[in-house]
Amino acid sequence: MSALNRVPSLMVRAGTASALTLAAVSGSVVVPGVASEAGAASHATKALQIAASKKGSPYKWGATGPRRFDCSGLTLYSFNKAGKKLPRTAAQQYNKTRHISAKNRKAGDLVFFHSGRSVYHVGIYAGKGKIWHAPKTGDVVRLQKIWTGNVWYGRVK
């Protein structure tokens, strides 16, 4: 059954205003108790939303939230809250993900910045060439365009 054919039944279950509001805001209809064709929101999608909700939180080396973060602390915190465990450092996180190509990346995948074979930074892919990340001392969690081609992508299993 297509999503369009299901919209009237969703409106009956959720109420016309709430279903239309959800569709207008998010581009899709998500109603508690009603499974979509794609299933519930993925851990990656939840982690991405959690990271975005931390916009403006100060960077602090070694911090894992909930108010301050370093880069891998933000990804660890976000995925943990979404129900997936990750190791502490960016390099350890890279080793725990399923490595994927840039053409197969999706919002919610991890983006690992590297120099040679050494991973030095991580963020969560937001789509359109941008990541949510905790950049550096003196900065805050923010959405930023990927600034280099020296990146690898990983999908949390």
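## Close-up views of a predicted model

**View 1. Helix 4, spanning residues 71–81, is mostly covered, with nine of its 11 residues buried.** This is a predicted model, and helix 4 is a good place to start looking. The buried residues here are Cys71, Ser72, Gly73, Leu74, Thr75, Leu76, Tyr77, Ser78 and Phe79. What covers them? The cover includes two helices, helix 3 (43–53) and helix 5 (90–96), along with strand 2 (110–115), strand 3 (118–127), strand 4 (130–133) and strand 6 (151–156). After helix 4 comes Gly83, with a positive phi near 100°.

**View 2. Strand 3 and strand 4 run antiparallel and are joined by three bridges.** To find one pairing, look for Tyr125: its bridge partner in strand 4 is Ile131. These two strands form a hairpin with two residues between them, and in this hairpin Lys128 takes a positive phi near 55°.

**View 3. Strand 4 also pairs with strand 5 (residues 142–145), through four bridges.** This pair is antiparallel. Meet Ile131 again here: in strand 5, Gln144 stands opposite Ile131, while Tyr125 is the bridge partner of Ile131 in the pairing of View 2.

**View 4. Stepping back, the whole protein has five helices and six strands.** In which order do they come along the sequence? The pattern reads α-α-α-α-α-β-β-β-β-β-β. The protein has 157 residues, and 38% of them count as buried. Among contacts with a separation of 6 or more, 52% are between residues 24 or more positions apart. On the outside, the protein exposes about 9,200 Å², with 55% of that supplied by carbon and sulfur atoms.

Key: Residues are numbered from 1 along each chain as its sequence is written. This is a predicted model: local features need pLDDT of at least 70, side-chain atom pairs count only at pLDDT 80 or more; totals for chains, interfaces and linings use all residues. Side-chain values use heavy atoms; hydrogens and water are left out. Buried means under 20% relative accessible area, exposed over 50%, partly exposed in between (1.4 Å probe, protein chains only). Contact means heavy atoms within 4.5 Å. Accessible areas come from the Shrake-Rupley method with a 1.4 Å probe; for residues, only the protein chains shown count as cover. Two strands pair if DSSP finds at least two bridges between them.
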